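Subject: Structure handover

Hello,

Here is the structure for your files. My notes on it follow below.

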Amino acid sequence: MPVVELREVSKIYDGGSVGLDRASTRIGRGEFVFLVGPTGCGKSTAIRLLTKELDPSAGDILIAGKKLGDVSPSKVPLLRRNIGTVFQDYKLLPNRTVYDNVAYSLQVIGEPRTDIRRKVPDILRLVGLSTKLHNFPDELSGGEQQRVSIARAFVNHPPLLLADEPTGNLDPETSIGIMQLIYRINRTGTTVVVATHDNEMVDKMRRRVIELREGRIVRDELSGLYRPDESTTEFAVRLRGELGVGPEGHPN
Amino acid sequence: MPFGFFLKEAIRGLSRNSAPALAALLTVMLTALVLGVFIPIVQATTGTANEVRDRVVVNVYVKDGSTEAERTELRTAIERTANVKSVEFISKDEGLATAREKNPAAFEEGAELLGENPLPDTFRVVPDDPGEVAGIIDRLAPKDADGVRVPSLAAIDEVRNKEEDTAKILSATSLVKILTAGLAALLIFASVALVANTTRLSIFARRREVEVMKLVGATNWFIRWPFVIEGVFVGFMGGVLAVLLLTIAKETFIDPLEDRFALLAAPETIDFGLLIGLLLLACIAVSSAGSALTLRRFLRV
Ligand SMILES: Nc1ncnc2c1ncn2[C@@H]1O[C@H](COP(=O)(O)OP(=O)(O)O)[C@@H](O)[C@H]1O
Ligand SMILES: [Mg+2]
């Protein structure tokens with residue numbers, strides 16, 4: 001059963017602009033998918049439809065075989081607890097420390113406090129922020145804030161991770177770090193969908209690519225060379241090389 | 001989730017948004033103060049208006065020479081008439097004494113002229129509803145085909161009330177009542193609107209936060225509880241401050257003047273303890289309900 005399935009999904013906004021136009025696709029368990037296309041092609045619309053932040057004008061969206069149209073408003077929070085989301089603008093809670101931002105995701109699901117105390121530092125160590133536990137978001141760089149947001153999205157180990165332009169506000173070297181992190185999450189078995197208009201990065205990474213134009217899917221390639229045995233380090237090395245960024249973070 | 005978590009969240013919200021929270025608190029305090037002063041005034045005014053309305057009476061004059069049996073029959077008949085609250089018998093002599101008391105000058109020179117007491121024995125009838133006093137007259141002395149009033153019992157000489165006075169009293173007091181009721185309604189509405197609006201502003205500043213909470217899978221009540229607790233706290237603190245100020249004002253300015261201050265001594269004014277209790281409850285209710293209602297808009301993500 002695919003983790004995500006779109007069946008002839010259209011989204012026409014109230015003003016008449018087209019978000020998505022009869023898009024159909026399936027994304028299997030453990031896949032890493034790029035959603036690409038120029039600004040305004042419908043990438044964010046697709047992501048927001050998957051979290052039921054928007055409802056489609058036509059067609060069906062299935063997550064793990066469950067039609068989102070059948071999910072009642074009271075069950076939407078349950079759906080979202082199984083989907084990690086990462087945004088271009090991080091969407092952290094400004095009044096909370098790094099620790100509390102990540103902890104909130106666990107408090108929402110009623111996780112016992114002892115588990116929270118164990119899991120939050122663990123995941124923050126994984127994203128490389130163990131020294132910034134008690135900083136507030138505005139005391140962090142963009143890349144660090146995005147790491148917090150990824151930690152928050154992943155701390156529950158959701159089966160599906162969605163990222164909307166996760167590197168859109170970041171410089172190339174920081175972007176690589178973020179993509180590397182997302183890649184590592186994918187390698188734990190989590191299905192990942194990343195919306196981005198950074199075509200260069202996408203082409204170099206050689207993952208499945210779904211391209212949108214004016215809301216329509218115009219390309220869907222399993223862009224070859226999926227390397228199941230590649231380690232995160234190998235992946236990072238390849239990415240650096242192909243994006244023209246040196247190992248110390250200086251452009252070649 | 002335990003209550004402790006929501007309480008901590010509320011405290012965090014208040015301390016991190018102290019400016020709007022303080023604004024909401026002061027708004028609650030000021031409106032409660034205004035209401036606390038205004039409610040007793042409205043009540044005293046209405047009470048006074050009601051007292052004045054109680055002066056509307058019907059006089060049933062008893063025919064000279066009617067028998068004791070006829071008088072008893074008349075009294076019973078009056079007591080049985082609809083809208084009659086009480087009946088009082090005023091004898092000729094009592095009537096004269098009262099008249100003399102009211103206007104001693106007129107009696108000084110004219111007493112001899114009058115000769116014997118010209119006043120009749122009278123049943124003074126107080127209506128339940130002064131507005132419907134005409135009905136009592138119609139029952140005791142219905143109009144015949146020519147519009148002349150005919151007494152319905154042998155003992156009745158005449159039935160009348162001071163029609164002009166009655167009309168004036170009724171129209172003036174009902175105007176006072178309508179005005180104060182309208183003013184009270186307006187004030188309460190303005191208070192609720194003001195408090196709700198300040199609360200709105202304080203939540204509005206955090207609408208992005210609420211959206212993020214929804215996106216990470218928080219249920220509506222998970223998000224709402226801390227805000228409601230904040231509202232309860234703000235309402236309580238604002239209410240307590242207002243009550244403190246009201247108490248101080250009452251004890252320093254009003255209590256010493258009480259005997260000289262007819263308005264405050266008026267009957268039917270709300271008990272001070274009840275007043276502050278009500279104010280405090282209203283503050284808490286409006287403030288927390290305001291929080292919860294404002295949130296509704298941002299929870300629809
Ligand atoms: N909330 C909205 N209301 C109306 N139109 C919208 C809204 N969001 C997006 N659109 C329109 O839908 C189209 C797709 O937008 P979007 O999904 O944000 O594209 P992308 O994320 O690929 O840049 C655009 O034409 C955009 O103007
Ligand atoms: Mg977008």
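The notes cover a ligand site in chain A and then some helix packing in chain B. Please keep in mind that this is a predicted model.

Ligand site

The shell around ligand 1 is made up of A:Tyr13, A:Ser17, A:Val18, A:Gly19, A:Pro38, A:Thr39, A:Gly40, A:Cys41, A:Gly42, A:Lys43, A:Ser44 and A:Thr45. By class, these residues are four nonpolar, seven polar and one charged.

Two elements of chain A each supply at least two residues of this shell: β2, residues 18-27, and α1, residues 43-50. Helix α1(A) gives the most, with three residues.

Three polar contacts to the ligand may be useful when you set up the site:

- The side chain of A:Ser17 has an N or O atom 3.0 Å from a nitrogen atom of ligand 1.
- A:Gly40 places a backbone N or O atom 2.7 Å from an oxygen atom of ligand 1.
- A:Ser44 has a polar side-chain atom 2.7 Å from an oxygen atom of ligand 1.

On its own, ligand 1 has 560 Å² of accessible area, and the protein covers 63% of that.

Helix packing in chain B

Helix α9 of chain B, residues 220-254, takes part in both of the packings described here.

One partner is helix α1 of chain B, residues 3-16. The axes of α1(B) and α9(B) come within 8 Å and cross at roughly 65°, and the crossing is right-handed. From α1(B), the contact uses B:Phe3, B:Phe5, B:Phe6, B:Leu7, B:Glu9, B:Ala10, B:Gly13 and B:Leu14. From α9(B), it uses B:Phe222, B:Trp225, B:Pro226, B:Ile229, B:Glu230, B:Phe233 and B:Val234. Sorted by class, this contact has 12 nonpolar, one polar and two charged residues.

Another partner is helix α8 of chain B, residues 207-215. Here the axes of α8(B) and α9(B) come within 9 Å and cross at roughly 145°; this crossing is also right-handed. B:Val210, B:Met213 and B:Lys214 of α8(B) make the contact with B:Asn220, B:Ile223 and B:Phe227 of α9(B). Four of these contact residues are nonpolar, one is polar and one is charged.

Regards

Terms used
Residues numbered from 1 in each chain as written. Chains lettered and ligands numbered in written order. Predicted model: local features only at pLDDT ≥ 70, side-chain atom pairs only at ≥ 80, totals over all residues. Heavy atoms only, no water. Axes fitted to C-alpha atoms, helices over the stretch in contact; angles between N-to-C directions. Helix = DSSP H or I, 4+ residues; strand = E, 2+ residues; numbered from the N terminus. Left-handed = near helix turned anticlockwise from the far one by under 90°. Contact = heavy atoms within 4.5 Å. Nonpolar A, V, L, I, M, F, W, Y, C, P; charged D, E, K, R; others polar. Near = heavy atom within 4 Å. Polar contact = N/O pair within 3.5 Å; in protein donor to acceptor, adjacent residues only side chain to side chain. Areas by Shrake-Rupley, 256 points an atom, 1.4 Å probe, with all protein chains shown as cover.
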